[in-house]
Amino acid sequence: MDLLITTTLLRRKSDEEIARMVARDLGGYFLPRRRTTLENLWRHHTPDKILVIENEQIVCHTRKGQRLFFHPGLAKIRIRCLQQGKRDWMVESLHLQEGDEVLDANLGLATDALVIAFITHRCVIGVEKDPLIAYITRRGLQTYPTNRFPEGSFVFPLIQVNVADHTEYIQKMPSASVDSIYFSPMFIRPKFFSADREALREIALHDFLSEKVIDEARRVARKCVVVKLNKDRPEEVVLPPGYILQGGRRSRVEYAVYS
């Protein structure tokens with residue numbers, strides 16, 4: 001058994017209905033929780049991952065004890081900073097303007113895509129290779145309570161979630177068909193601990209960049225291609241020449257920009 005879906009010990013009827021739906025959608029196995037602990041579920045059923053429906057939200061538990069669930073996270077803070085007129089280096093690196101069409105090639109939980117949509121007011125094409133992460137993100141975007149973030153609530157429906165390998169997806173796109181393409185590959189050695197990133201790191205299908213996909217992205221993007229980099233660790237991503245670096249001095253990341 002690869003994927004086990006259950007509920008919290010409270011066993012709300014709505015949670016159980018959602019758990020059954022998720023099991024059907026993902027081809028997993030629904031198991032009523034009863035009074036069973038997560039430790040016993042791991043021990044007796046040996047799944048790869050356990051999805052627990054908590055208050056109608058999907059929470060993925062991993063064998064290493066990580067928890068992954070959808071939430072806008074830093075996107076809320078960044079959007080509020082943008083509303084206050086503060087700089088965002090990703091926004092500046094992508095030269096974002098209202099009406100731009102952007103492809104986010106490493107969607108994850110859509111944190112960056114939400115910020116992009118806030119500026120462009122247009123659908124962001126998201127590509128995520130891992131089907132489970134894509135499913136959690138898609139459902140999260142559809143069900144996130146807008147009253148928790150009213151000033152940015154319009155961005156959630158603007159994120160399009162596609163399950164695909166970004167190299168194959170971009171190769172099939174016509175030349176000059178979007179304004180910008182954004183890559184945010186998983187860092188091999190992160191500079192600081194983040195529970196969200198550690199959970200993604202354990203679950204995600206690792207897909208590091210190649211020169212081939214950068215060349216294809218430059219063919220498809222009208223304005224620019226931007227790659228998020230782990231600052232001072234250039235060995236993690238080998239990029240073809242022709243980019244300029246942007247980013248603040250105190251930032252932990254920087255951006256390689258192909259115009």
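**Cysteines, helix α6 and the second largest pocket**

Cys-224 counts as buried, with a relative accessibility of 1%. In this predicted model, Cys-81 has a relative accessible area of 23% and is therefore classed as partly exposed, since the partly exposed class lies between the 20% limit for buried residues and the 50% limit for exposed ones. A search of the whole structure for disulfides returns zero.

Helix α6 covers residues 131-143. For its 13 residues, a rise of 1.5 Å a residue leads to an expected span of 18 Å, and the end C-alpha atoms of α6 are indeed 18 Å apart, so the expected and computed values agree. At the N-terminal end, α6 is capped by Asp-130, a side-chain oxygen of which lies 2.9 Å from the backbone nitrogen of Leu-132. Leu-132 is itself one of the buried residues of α6, which also include Ile-133, Ala-134, Tyr-135, Ile-136 and Thr-137, followed further along the helix by Arg-139, Gly-140 and Leu-141. The buried set of α6 thus includes the charged residue Arg-139.

Helix α6 also takes part in the lining of the second largest pocket, to which it gives four residues, the most of any element. The space in this pocket amounts to about 280 Å³, and its lining consists of 13 residues, among which Asn-55, Glu-56, Gln-57, Thr-143 and Pro-145 lie nearest the centre. Two elements, β4 (57-61) and α6, give two or more residues to this lining. Sorted by class, the lining of the second largest pocket comprises five nonpolar residues, together with four polar and four charged ones.

Asn-55, one of the residues nearest the centre of the second largest pocket, is found in the loop that runs between β3 (49-54) and β4. The backbone of Asn-55 has a phi near 50°, a positive value in a residue other than glycine. With a relative accessibility of 55%, Asn-55 counts as exposed, because the threshold for that class is over 50%.

A positive phi, of about 50°, is likewise found at Arg-34, which is not a glycine. Arg-34 is placed in the loop between β2 (29-30) and α2 (38-45), and its relative accessibility of 52% puts Arg-34 in the exposed class.

Key. Residues are numbered from 1 along each chain as its sequence is written. This is a predicted model: local features need pLDDT of at least 70, side-chain atom pairs count only at pLDDT 80 or more; totals for chains, interfaces and linings use all residues. Side-chain values use heavy atoms; hydrogens and water are left out. On a 1 Å grid over the protein atoms alone, a cavity is a set of points where a 1.4 Å probe fits but cannot get out, and a pocket is an open set with protein on both sides within 12 Å along at least five of seven lines; lining residues have an atom within 4 Å of a point. Grid points are joined across faces, edges and corners, and a volume is the space filled by probe spheres set on the points. A disulfide is a pair of cysteine sulfur atoms within 2.5 Å. Buried means under 20% relative accessible area, exposed over 50%, partly exposed in between (1.4 Å probe, protein chains only). The expected span of a helix is 1.5 Å times one less than its number of residues. A polar contact is a pair of N or O atoms within 3.5 Å; within protein, one must be able to donate a hydrogen and the other to accept it, and residues adjacent in sequence count only if both atoms are side-chain atoms.
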